[in-house]
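Subject: Structure handover

Hello,

Here is the structure we spoke about, for you to look over. My notes on what I found follow below it.

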Amino acid sequence: MDSQTEIIIKSVKFKLYPNEKQKNLIEKTFGATRFIYNYFLRRRQDAYKENKETLSFFKCSSELTQLKKQKEYLWLNEISRTALNYSLRNLDDAYKNFFKTKKGYPKFKKKFSKQSYSETNQTSYYADRHHVHISKLGKVRTSDLRGNIPGNGRHINTTVSKSKTGNYYCSMSFEVERKRLVPTKKEAGIDLGIKDLVITSDGEKFDNPHFLTKYEERLKRLQRKLSKKQKDSSNYEKLRIKIAKLHEYISNCRSLYLHRISKKLIEDYDFIGMEDLNVKGMTRNHHLAKALTDVSLGGLKRQLEYKADYYGKIVETIDRFYPSSQLCSNCGYQNKEVKNLNIRDWVCPKCGQHHDRDINAAKNILFEAKRQFNTRAEKTA
């Protein structure tokens with residue numbers, strides 16, 4: 001890679017199939033990294049409370065080295081050194097974020113919350129098509145990695161995690177050269193919705209499959225059965241895993257569908273305009289919350305943005321309060337009656353143009369996104 005090459009970070013996630021010995025070590029590492037995080041969170045709290053002392057990452061790292069020499073903590077030597085240090089780094093970052101934003105003071109990690117640990121590139125690297133080498137674990141069998149792992153990217157870190165269904169996953173981050181798709185010289189505005197997931201300014205519509213609604217009755221049946229089981233019994237645990245697997249299947253279906261849509265949009269258009277939707281605020285409306293959660297508008301927006309960055313395309317977001325549905329894309333007249341969501345098509349009182357509500361909104365989003373992008377480009381020129 002020469003000095004002119006653009007370097008970005010790319011992450012790849014894949015499933016692991018560890019043997020019993022490797023599973024035991026992964027579980028030990030989950031517990032050890034959680035223990036170190038909680039131990040030094042308490043140490044930092046006590047140091048500040050007693051002496052007004054702020055322990056740095058390097059001070060904690062030095063104490064960790066001494067801790068591993070003590071008789072009651074010798075078991076920590078079984079765990080990857082970089083995984084323990086990464087846990088300390090996460091704690092230090094949590095404190096930095098708290099002091100920067102004054103929100104989200106670091107909390108103690110719980111045993112039954114998210115199970116994961118990370119380590120740096122010093123000890124983890126890609127092995128071959130069906131295996132990955134991870135520190136202390138050795139070669140671990142994986143799903144087919146063909147075409148997923150960058151051949152010449154610099155490895156940054158590895159994260160091993162466990163889902164609620166008991167499956168193990170590995171995520172690896174690399175520094176890679178930015179890829180460039182062949183320019184299409186096409187641009188589009190997209191309007192996101194619930195009835196149709198995506199509507200483009202070209203008139204193309206992508207259906208909303210309603211994955212959660214499709215399996216809702218099955219979930220209800222399983223959850224009713226679960227409520228009648230004795231908590232922490234073997235039958236309770238079997239049913240809990242069954243429900244978790246169904247949730248994971250729904251999530252995977254939704255994610256795959258969003259990836260297909262986002263990939264098609266990025267391949268078809270060089271410039272995409274979209275609204276900056278307040279999804280968190282919208283879910284507070286109990287009439288829309290379930291439908292919005294099922295459709296995952298925030299997930300689609302995130303995918304479009306990182307894929308655009310990776311392939312050198314442009315995604316421009318406009319203000320969420322821009323009245324894209326009310327404006328006539330032909331003459332600019334604002335029809336405030338269109339605030340009513342039941343109005344799906346309307347005729348402009350000024351120019352007589354007939355509009356499909358969503359396609360018209362997508363055209364207005366494209367116009368505003370281009371105006372916003374050009375204005376910013378002129379200011380920085």
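Lys13 has Ser171 of β7 as its bridge partner. That pair belongs to the ladder between β1 (residues 7-17) and β7 (residues 168-177). These two strands run antiparallel, joined by 10 bridges. Please keep in mind that this is a predicted model.

β1 has another partner. It also pairs with β5 (residues 138-142), again in the antiparallel sense, over 2 bridges. There, Leu16 is bridged to Thr142 of β5.

β7 goes on to pair with β6, antiparallel, over 8 bridges. Ser161 and Tyr169 of β7 are bridge partners. β6 and β7 form a hairpin, with 5 residues between the strands. Look at Gly166 in the turn: its phi is positive, at about 90°.

β6 (residues 154-162) also takes β2 (residues 115-120) as a partner. That pairing is antiparallel too and counts 6 bridges. Thr120 is matched there with Asn157 of β6.

Now the overall figures. The protein chain holds 10 helices and 14 strands. Its C-alpha trace spans about 85 × 60 × 50 Å along the principal axes. Of the 381 residues, 42% are buried. I also looked at contacts between residues at least 6 apart in sequence. Of these, 68% join residues at least 24 apart.

Next, the helix packing. Two packed helices are described by the angle between their axes and the distance between the axes.

Start with α1 (residues 20-51) and α2 (residues 57-67). Their axes come within 12 Å and cross at roughly 120°. The two helices are therefore oblique to each other. The crossing of α1 past α2 is right-handed. On the α1 side, the contact is made by Ile36, Tyr39, Phe40, Arg43 and Arg44. On the α2 side, Cys60, Glu63, Leu64 and Leu67 make the contact. By class, the residues of this contact are 6 nonpolar, 3 charged and no polar.

α2 also packs on α3 (residues 81-101). Here the angle is about 150° and the axes are 10 Å apart. That makes α2 roughly antiparallel to α3, because the angle is over 145 degrees. This crossing is right-handed. α2 brings Phe57, Cys60, Ser61 and Leu64 to the contact. α3 meets them with Leu84, Asn85, Leu88, Arg89 and Asp92. The residues here divide into 5 nonpolar, 2 polar and 2 charged. Note Cys60 and Leu64 of α2: they are listed in the contact with α1 and in the contact with α3.

Then there is an open sheet of 5 strands. The order is β10-β9-β8-β11-β12, and the pairing is mixed. Which strands are at the edges? They are β10 (205-207) and β12 (314-318), each pairing on one side only. From one strand to the next, the twist averages 20°.

Within this sheet, β8 (residues 187-192) and β9 (residues 196-200) run antiparallel, with 3 bridges between them. Leu192 stands opposite Val198 of β9.

Two helices lie across these strands. α6 (residues 234-268) lies across β8, β9, β10, β11 (271-275) and β12. Its direction is at about 0° to β9. α10 (residues 357-380) lies across β8, β9, β10, β11 and β12 as well. α10 runs at about 125° to β8.

One residue to look at before you close the file is Thr317, in β12. Is Thr317 buried or exposed? Neither: its relative accessibility is 24%, so Thr317 counts as partly exposed. The cut-off for buried is under 20%. What does Thr317 touch, leaving aside its neighbours within four places in sequence? It is in contact with Met274, Asp276, Lys301, Glu305 and Gln372. Of these, Met274 falls within the range of β11 (271-275). Gln372 falls within the range of α10 (residues 357-380). Thr317 and Phe373 are 56 residues apart along the chain. Their C-alpha atoms are separated by 9.3 Å.

Best wishes

Note on methods:
Residues numbered from 1 in each chain as written. Predicted model: local features only at pLDDT ≥ 70, side-chain atom pairs only at ≥ 80, totals over all residues. Heavy atoms only, no water. Pairing = 2+ DSSP bridges. Helix = DSSP H or I, 4+ residues; strand = E, 2+ residues; numbered from the N terminus. Axes fitted to C-alpha atoms, helices over the stretch in contact; angles between N-to-C directions. Contact = heavy atoms within 4.5 Å. Parallel < 35°, antiparallel > 145°, perpendicular 65-115°, else oblique. Left-handed = near helix turned anticlockwise from the far one by under 90°. Nonpolar A, V, L, I, M, F, W, Y, C, P; charged D, E, K, R; others polar. Buried < 20%, exposed > 50% of the residue type's maximum accessible area, 1.4 Å probe, protein only.
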